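Please open the model in your viewer and keep the sequence panel beside it. The tour below moves from one selection to the next and says what is there at each stop.

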Amino acid sequence: KDLADNREEHCKLDKELQELLDQYHDDGKEPNPMAKGMSWMKTNMKLVINESDHTIADLITDGCNMGVQKLVEAKNDCTDASPESIRLLEELIKAEEEFAEKMKPYL
């Protein structure tokens with residue numbers, strides 16, 4: 001249920017962010033392919049070793065924390081961003097922090 005709720009929240013934010021990018025005629029930015037590949041390998045290796053709720057919660061928590069760190073850095077770097085962009089950024093930070101908190105009982 002927590003995973004489904006989080007996915008729904010991210011889909012809602014994704015739609016709003018895409019509309020904002022379209023408004024500014026921006027295609028957005030793809031993740032670094034090397035980082036994406038390393039993340040995929042780490043996830044799959046951990047799950048092969050131990051496919052428990054604890055492992056999955058640990059991976060999710062790490063991902064949320066790394067995401068929050070990058071989002072806060074982006075917010076600090078983009079002081080001239082529009083108020084709507086900042087609002088969506090703050091919503092995404094809040095969603096990631098709340099989801100990491102929901103994972104604590106599984107750790």
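Begin by selecting histidine 25, which in this predicted model sits in the loop between helix 1 (2–23) and helix 2. If you display its backbone torsions, you will find a phi near 55°, which is a positive value in a residue other than glycine. Colouring by accessibility adds a further point, since histidine 25 has 74% relative accessibility and therefore counts as exposed, the cut-off for that class being over 50%.

Next, follow the chain into helix 2, which covers residues 33–49, and stop at methionine 45 within that helix. Methionine 45 also counts as exposed, because its relative accessibility is 53%. Now extend the selection to Met34, Met38, Trp40 and Met41 and show the surface: with Met45, these residues form a nonpolar patch whose accessible area together is about 620 Å².

For the last stop, move to helix 4 (residues 83–103) and select glutamate 96, which has its place there. What is the nearest side chain of opposite charge to this buried glutamate 96? That side chain belongs to lysine 102, at a distance of 11 Å, and glutamate 96 has no salt bridge. Show side chains around glutamate 96, and a polar contact appears between its side chain and that of histidine 10, at 2.5 Å. Once neighbours within four places in sequence are left aside, the residues in contact with glutamate 96 are His10, Gly63, Cys64 and Val68, so histidine 10 is a useful residue to keep displayed while you inspect this site.

Note on methods: Residues are numbered from 1 along each chain as its sequence is written. This is a predicted model: local features need pLDDT of at least 70, side-chain atom pairs count only at pLDDT 80 or more; totals for chains, interfaces and linings use all residues. Side-chain values use heavy atoms; hydrogens and water are left out. Patches are made of residues with over 30% relative accessible area and no salt bridge: like charges are joined within 9 Å, nonpolar side chains (Val, Leu, Ile, Met, Phe, Trp, Tyr) within 5 Å. Accessible areas come from the Shrake-Rupley method with a 1.4 Å probe; for residues, only the protein chains shown count as cover. A salt bridge is a side-chain nitrogen of Lys or Arg within 4 Å of a carboxyl oxygen of Asp or Glu. Helices (H or I, at least four residues) and strands (E, at least two) are DSSP runs, numbered from the N terminus. Buried means under 20% relative accessible area, exposed over 50%, partly exposed in between (1.4 Å probe, protein chains only). Lys and Arg count as positive and Asp and Glu as negative; His and the chain ends are not counted. A polar contact is a pair of N or O atoms within 3.5 Å; within protein, one must be able to donate a hydrogen and the other to accept it, and residues adjacent in sequence count only if both atoms are side-chain atoms. Contact means heavy atoms within 4.5 Å.
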